[in-house]
Amino acid sequence: MIDPRTASGDLASPWKGLTELLSPTDIAASSSRRSPPRWLIALLSIVLKVLIALYAIAIFGFIWVTKDLTFASLTRDPLFAAYSIAVVFYVLGRFAIAAFYRPVPDLGHRPTVSIIIPAFNEEEGIIGTIQSCLHVDYPSELVEVIAINDGSTDGTWQAMTRAYEDSSRLHAIDLGRNYGKRGAMAEGIRRATGEILCFVDSDSYLKPDALTAIVQPFTDPRVGAVVGHAEVHNRMANWITKMQQVRYYSAFRVIKATESVLSGTVTCASGCCAAYRRDVIMPLLPGWEFQTFLGRPATFGDDRSITNRILANHRVVYQSTSEAETVAPTTLTVFLRQQLRWKKSWLRESLYVLRYFWRKNPLAALFTYASIAFPFMAPFVVLHAVGGRIVAGSFSGLWFYLIGTYSMALLYSLFYAFKRPDGMWYHGMTFVAIYMSVLVFQTYWGIFTMRDTRWGTRASTVEHAHIDQEMVTDLRSTAALDLLAVPA
Amino acid sequence: MTRGSADAESILQRRRLRQLIIGLVALPLSVLPFVAYATGTPEGRLVTERVTVALRPPTLPVLSSGQIAAARAAAPSYKNAVMLLAYHGIGSGSDAEGGFVISPARFGEQLATLKAAGMHAVTATQVATAFDGGKPLPPKAVMISFDDGRTDALLYADPMLAEAGMRATMFVITGAASNPGIYYASWPDLVKYASSGRWDIESHTATLHHEQKVADGRSLPALTSLLPGETLQEYRMRVRTDLADASAAIKAHVGTSPVAFAYPFGAYGAERTNDPAIRGILRQEVGNLYSVAFHQDDQTTIPLARANQDHLGLRRLEIGNWSGMDLLAQIRASAHR
């Protein structure tokens, strides 16, 4: 059986959105408005795609024409020029390899799955998340949904109990106090019975076919973990969420896709939608649950940390057809705090990556080591390129640097424009602007504040502790199926 | 569907449509920074010129039979002499020094007129050989020379020289060629041009093509002035080292030793100097390495260059934004001096 998405190619599915967008869903209004014919939309979309492709080719041409400028500056400014050339190769290389990415089609693989949702103070979103998991398009006798309340101080547990009363398939667990996300996840893992464990963040939503898609790569015994494709759920909220939507798209569809193509070396199976083989994760559980760094409990970066441990001996792949949506920060402050948190866990986990990645696919190792080296160089390059030239009063190199950065940002954004006809593409430029001006400096800021393990977006800081089983409330319907009893 | 959620849905729908339209409008607008770069920055203009030349190489204008006849009639006639022409840049104005740049169309017109008038283009090496008693110059000889080794000059002049079947001389600042950027041509480019046989690569100092602050606060050409506290002997060594470096660099990259030298800013020590002894020292040092040296002083009295003149003080005509016939008239005037 072939997944229709794969059969029709990536081209068709996003444009479906445009058709829906232009044809009014409001029944009352539909009588007065007529939607444009489908063939017209299809034609316009093809014309637009061709124009975007030609535009991207023109930018490649521009980079080709100006390459002499960069090579010429090698002798004058070797570090800066070498960095520029390396970054261009790195970015274009990722795009080139990502072009070879293909998701695993539906091979009919239907293992037993436990969907695990750790939640802390998510009374508003948790119902939606649980519902999206309960309504996945997957044989119901093969799925259990485990929601874990990590000592929330709001109505999260009440919401979970209500959901439990509505559905016998929900397995609701209250830890009795706050242990932190890792503790909650670990307890969920221990109580899960599925062959595959699928983690969904409490502010994320699975598309109905996401579960079927995410288990398919596990047909390859070398695969230990699979990460789905995440989009920003509240992308229409404001420019901050639109910018993250474009960023998420390339982070998944280009970066994770490249890593996936290169012998399954995705370095972070993001928490919003990731699945693990139970046999692989169980032995790693104690070390991961109580991970410390610089004498402090490693409270965040749980996803990157577990991926890292799995990746040492298994493959981690990306499955673009397994789509989830996640709620992204809507204010700049929260966004920057989230980025800093990710940066810190990236820093911590990069230390492990350095040690074993050379054993992986050589190209993957090259990309990964480059991706570790670049952020350390980037702040100096930005200061040198902008600050140094303004101080010296020589602007010629500055314009070249700015137009070069602009070209790269535009390529990333045009990729989104090509894939998604929602008009948000130019917010990718905003992301690059914020990246170049603020985020590049977070690498060092993260090092200096490494021991500050506050979550930032979550008002909770806890030390590692073993789960006190006396305090745990486990709501599990007698009607609920024990997945271990399902014949293989 | 309740009324409220239908409203919310239609608001969202409108916002999506608005986003789509902004996205479509932003697509062509995103080209603007490239336009600004290509037209508003010196290097951007050179990039544009490079693309223009690659797509549509400049060609010589086709002269009418009347124009050809007029050029023939206006052509001066002379033997054993050469008119020395000095150019700097060609292009649309991407000039770091200000001025010293003529349009490709003007340059093409001048070449076409010279060709129609039956003038013979010679190189600095040919001039040096002839003046040293070797192979004599052809009649009605002109030496087309460029100073500085600029990218734009090579870019535009080369295809037009090829079409006219003419050769030119490039006086290269070797320090700039080793450290090129986009304004100055790099050694690989210079070697490529030299290997076409159309370009004679000669010396224009290694690193002394700049002005320097001297003791009394003036800015003077580095080649013709003493630095504060510098003795004449130190000056001599500074010049000697620089000229030797320039010659060695040309020999190393292009393969031929330069025989000609052009004074930066046309300054050879007669003026724009802060010591009367400099002119003599500079002349000795230049003479040690080169057979001929060129400058461009009082432009109203430039004669044709002949072997009986001072070989180390040959005078070039600085070419302006003139028509071909104006250029011919200038040469005629020089031939009659």
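Which residue of β4(A) stands opposite A:Ile115? Select A:Ile115 and look across to β4(A): the residue facing it is A:Cys198. Keep in mind throughout that this is a predicted model.

**Stop 1: the strand pair**

Now show the two strands around that pair. Strand β1 of chain A covers residues 113-119, and strand β4 of chain A covers residues 196-199. They pair in the parallel sense, over 4 bridges.

**Stop 2: the whole sheet**

Widen the selection to the full sheet in chain A. It is an open sheet of 9 strands with mixed pairing. Walk across it in this order: β5-β10-β6-β7-β4-β1-β2-β3-β11. Pause at the edges, where β5 (204-206) and β11 (473-476) of chain A stand. Each has a single partner strand, so one side of each is left without a neighbour in the sheet. Look along the sheet for its twist: neighbouring strands are turned by 25° against each other on average, direction ignored.

**Stop 3: the helix across the sheet**

Select β6 (223-232) and β10 (315-326) of chain A, then add α10(A), which lies across both. The helix runs at about 155° to β6(A).

**Stop 4: the largest core**

Colour the nonpolar residues next. The largest nonpolar core has 95 residues. Helix α10 of chain A, residues 239-261, supplies the largest share of this core, with 9 residues. Those with the most contacts inside the core include A:Ile115 and A:Cys198, the pair from the opening. A:Ile116, A:Ile117, A:Leu197 and A:Ala275 are also among them.

A:Ala147 belongs to that group too. Which residues does A:Ala147 touch, leaving aside those up to four places away in sequence? Select A:Ile117, A:Ala119, A:Ile130, A:Met160, A:Leu170 and A:Ala172.

**Stop 5: chain A as a whole**

Zoom out to chain A. It has 18 helices and 11 strands. Of its 488 residues, 42% count as buried. Take the contacts between residues at least 6 apart in sequence: 82% join residues at least 24 apart.

**Stop 6: chain B**

Switch to chain B, with 12 helices and 13 strands. Buried residues make up 44% of its 337 residues. Turn the chain to view its extent: the C-alpha atoms fill a box of roughly 105 × 60 × 35 Å along the principal axes. The radius of gyration of chain B is 26 Å, whereas a compact globule of 337 residues would have one near 20 Å. Of the contacts in chain B between residues at least 6 apart in sequence, 73% join residues at least 24 apart.

Finish by selecting B:Ile102, B:Ala260, B:Val286 and B:Leu314. These four are included in a second, separate core of 91 residues.

Methods
Residues are numbered from 1 along each chain as its sequence is written. Chains are lettered from A and ligands numbered from 1 in the order in which they are written. This is a predicted model: local features need pLDDT of at least 70, side-chain atom pairs count only at pLDDT 80 or more; totals for chains, interfaces and linings use all residues. A nonpolar core is a set of buried Ala, Val, Leu, Ile, Met, Phe, Trp, Tyr and Cys residues joined through C-beta atoms within 7 Å. A residue is buried if 20 or more other C-beta atoms lie within 10 Å of its own, exposed if 12 or fewer, and partly exposed in between; C-beta atoms are placed from the backbone. Helices (H or I, at least four residues) and strands (E, at least two) are DSSP runs, numbered from the N terminus. Two residues are in contact if their C-beta atoms, placed from the backbone, lie within 7 Å. Two strands pair if DSSP finds at least two bridges between them. Axes are lines fitted to C-alpha atoms, for helices over the stretch in contact, and angles run from 0 to 180 degrees between N-to-C directions. The radius of gyration is taken over C-alpha atoms; the globule rule is 2.2 Å times the number of residues to the power 0.38.
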